Amino acid sequence: MKKLKLLVGFLCLFSGFVAAAPADETDVAAAVDKLTHAMLHKDIAQLEALTADNLTYGHSSGNIQDKKAFISDIETGKSAFKELKMLDQKITLSGDVALVRHHFSAQAIHKEKGIVPTEIENFQIWQKQDGKWLLIGRQAFRF
């Protein structure tokens with residue numbers, strides 16, 4: 001009887017763990033979507049809420065920004081988009097960290113060049129802090 005109780009307890013514990021993982025993956029995907037929407041629509045409050053204070057944001061050009069510079073570029077229009085989509089997304093969870101890879105497809109708005117099609121790969125690192133997922137790192141790269 002003890003073995004049966006132990007087995008049932010183990011199965012309950014394991015099924016709870018499995019049920020939690022898809023919820024976190026769904027929450028990370030929602031956070032990525034919110035960040036994408038905030039970048040597209042210049043929602044500064046949402047960008048502030050979704051990014052960690054120690055954010056390191058790398059561009060495909062090699063430029064690295066902190067949180068303040070990243071948000072400032074969106075706010076001033078230095079980084080602006082007519083269209084922005086994250087495609088073929090893959091999320092890998094590891095405790096309170098989520099690794100996100102996707103294809104960044106955009107119609108960027110450049111002050112001198114007009115609309116510039118942008119097709120790059122993107123790697124994001126999210127961390128669960130105080131119950132919410134925050135972007136702590138991002139690196140874009142050309143393929």
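Lys 67 counts as buried in this predicted model, because its relative accessibility is 9% and the cut-off for buried is under 20%. Its salt-bridge partner, Asp 53, is exposed, with a relative accessible area of 72%. The rest of this briefing runs through the salt bridges, then the two pockets.

**Salt bridges**

- A search of the whole structure turns up 4 salt bridges.
- The side chains of Lys 67 and Asp 53 pair up with an N to O distance of 3.4 Å. That contact links distant parts of the chain, with Asp 53 sitting in strand S1 (residues 51–58) and Lys 67 in helix H3, 14 residues apart.
- Lys 67 and Asp 53 also belong to a network of salt bridges that takes in Glu 48.
- Lys 128 bridges to Asp 24, and the closest N and O atoms there are 3.0 Å apart. This pair again links distant parts of the chain: Lys 128 is in strand S5 and Asp 24 in helix H1, 104 residues apart.
- Asp 24 counts as buried, at 19% relative accessibility, whereas Lys 128 is partly exposed, with a relative accessible area of 30%.
- Glu 83 and Lys 85 meet through their side chains too, at 3.5 Å from N to O. Both ends fall in the partly exposed class, because Lys 85 has 40% relative accessibility and Glu 83 has a relative accessible area of 34%.

**Largest pocket**

- The largest pocket holds about 710 Å³ of space.
- Its lining is made up of 28 residues, and the ones nearest the centre are His 59, Lys 78, Ser 79, Ala 108 and Thr 118.
- Helix H3 (67–76), strand S4 (97–110) and strand S5 (114–129) are the elements that give two or more residues to that lining.
- Sorted by class, the lining of the largest pocket comes out at 12 nonpolar, 9 polar and 7 charged residues.

**Second largest pocket**

- The second largest pocket has about 170 Å³ of space.
- Lys 128, the partner of Asp 24, turns up again in the lining here, alongside residues including Asp 27, Lys 34, Gln 46, Leu 50, Lys 132 and Trp 133.
- Helix H1 (2–41), helix H2 (44–50) and strand S6 (132–141) each put at least two residues into the lining of the second largest pocket. H1 gives the largest share, with 4 residues.
- By class, the lining of the second largest pocket splits into 6 nonpolar, 2 polar and 4 charged residues.

Note on methods: Residues numbered from 1 in each chain as written. Predicted model: local features only at pLDDT ≥ 70, side-chain atom pairs only at ≥ 80, totals over all residues. Heavy atoms only, no water. 1 Å grid on protein atoms, 1.4 Å probe; cavity = no way out; pocket = protein on both sides within 12 Å on 5 of 7 lines; lining within 4 Å. Points joined across faces, edges and corners; volume = space filled by probe spheres on them. Nonpolar A, V, L, I, M, F, W, Y, C, P; charged D, E, K, R; others polar. Buried < 20%, exposed > 50% of the residue type's maximum accessible area, 1.4 Å probe, protein only.
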